[in-house]
Amino acid sequence: MVLPDQSFSRTAYLMGHMRIHTGEKPFKCDICEKGFSCKTVLKQHMTIHTGEKPFKCDVCGKGLSCKTALKGHLRIHTGEKPFKCDVCGKGFSCKTALKGHLGIHTGEKAFKCDVCDKGFSLMAILKQHMTIHTGEKLFKCDVCGKGLSCKSALKGHLTIHTGEKPFKCDVCGKGFSCEVYLKGHLTIHTGEKLFKCDVCGKGLSGKAHLKPHMTIHTGEKPFKCDICGKGFNFAGNLIRHMRIHTGEKPFKCDVCGKNFRHTANLKQHVKIHTGEKPFKCDVCGKGLSRTAHLKHHMRIHTGEKPFNCDVCRKAFNRKVNLKDHMTIHTGEKSFKCDVCGKGFSRRADLKKHMRIHTAEKLFKCDVCSKCFTRNAHLQSHVRKELRKCFKQKYELKVHNRVHTEENTLCVLNIFFNSCSLFFFFF
């Protein structure tokens, strides 16, 4: 029934309007067979299949498929939000967005997923959700070709290439590429951990963190490396791992230009230039640049050696020391010199060896200014000079007791005119 105040200038318009009440959709799409109540809407629908976008935005040049879509798009530039929520007063740029928002207040989720029965307040969100089941990734990145399941994900991904971080933290000023990351970051300042693990009770700041955390208990590692087959419980860990195979080092030091695979390694490296050592040892007061280094250092005081060799049962206080030791048994020499081809079991040994070719002499004697390629050679030189200053061997032995085991060297400064000895520690 037509309301008294609803009138139409043409019979065709009235007929079109009546189809809203009858549900009749006589205009069918030849490609997907979807039905429409009027020819104009069908014509607009066809642009989905043809990809035609005849309506251009004068501000940013973006193409839209219909006049209504262009009108809605322009509100992004003007900031206009004419559709208001009667419950909370929040404004929206389009009617569809308001309709979806109202589901928050009503709890209504009319659009159900046929696969997992999950409900959604908007058809657009349901369509986006369906890509989880189909694996479809319709949105391609023009820079690297990566496929994304939704437009918002593509928008967030593009910030990797542009370096744009528009979402700023009001507390520390740190920038983020998307709002979700900012929300997760804010919990660091608030200390809020809303999501609890049912197995161990651990609290996590975001839902995204809870799912990967659960793989610790299940042992599941869904993210596999295509090259070596290694599994990871986080997608981010797989991305970082792939840099081992590709050799990619995207993080560059602004001071010396050295490149790193991970941002954590770059942060650690920068402390070499700044000299920052915020982690102090409670026993001897030594400062260290990382928590891990402090943990390793503490084993000097405790004498703890948790890493044991399976072959000879020798114990070590660091895993890297055990790894180096194992090459004695395996005979492996994976570090090769590019100049002479000589192999070494440790990177540190290769580094020392390279000084033979470069003639670099980093270790200098404070007394005579003589330089050496190795610290061991400098120590040998100092001991030799010390022997000259003592008539008997036992005198040197007694003198050495002055120095603690932790001091690396005692350097001699000799003044024969005063018949005195002065020793300087370094």
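In which helix is the place of Lys43? The points below take up that question and then move on to other parts of this structure, which is a predicted model.

1. Lys43 has its place in helix 2, the element that covers residues 39–50. With a relative accessible area of 67%, this lysine is exposed, because the word is used for values over 50%. When you look for Lys43 in the model, it may help to find Ser65 as well: the two are 22 residues apart in sequence, and their C-alpha atoms are 10.0 Å apart in space.

2. A nonpolar patch of about 260 Å² on the surface is made by Phe8, Tyr13 and Leu14. Of these residues, Leu14 can be placed in helix 1, which runs over residues 11–22. The relative accessibility of Leu14 is 31%, so this leucine counts as partly exposed, a term kept for values that fall between the cut-offs of 20% and 50%.

3. How many salt bridges does the structure hold? There are four, and one of them joins Arg299 to Glu304, with 3.9 Å between the closest N and O atoms. Please note how the two partners are classed: Arg299 is buried, since its relative accessible area of 10% is under 20%, whereas Glu304, at 43%, is partly exposed.

4. Another salt bridge is formed by the side chains of Asp324 and Arg346, at 3.8 Å from N to O. Asp324 belongs to helix 12 (residues 319–330), while Arg346 sits in the loop between strand 24 (343–344) and helix 13 (347–358), and the pair therefore ties together parts that are 22 residues apart in sequence. Asp324 has a relative accessible area of 21% and is partly exposed, and Arg346, with 28%, is partly exposed too.

5. Which residue, besides Asp324, meets Arg346 in a salt bridge? That residue is Asp349, whose side chain meets the side chain of Arg346 at 3.1 Å, again from N to O. Asp349 is partly exposed, with a relative accessible area of 22%. Taken together, Asp324, Arg346 and Asp349 are linked in a network of salt bridges, and Arg346 is the residue that takes part in both of the pairs described here.

Definitions and conventions: Residues numbered from 1 in each chain as written. Predicted model: local features only at pLDDT ≥ 70, side-chain atom pairs only at ≥ 80, totals over all residues. Heavy atoms only, no water. Patch = residues over 30% accessible without salt bridge, like charges linked within 9 Å, V, L, I, M, F, W, Y side chains within 5 Å. Areas by Shrake-Rupley, 256 points an atom, 1.4 Å probe, with all protein chains shown as cover. Helix = DSSP H or I, 4+ residues; strand = E, 2+ residues; numbered from the N terminus. Buried < 20%, exposed > 50% of the residue type's maximum accessible area, 1.4 Å probe, protein only.
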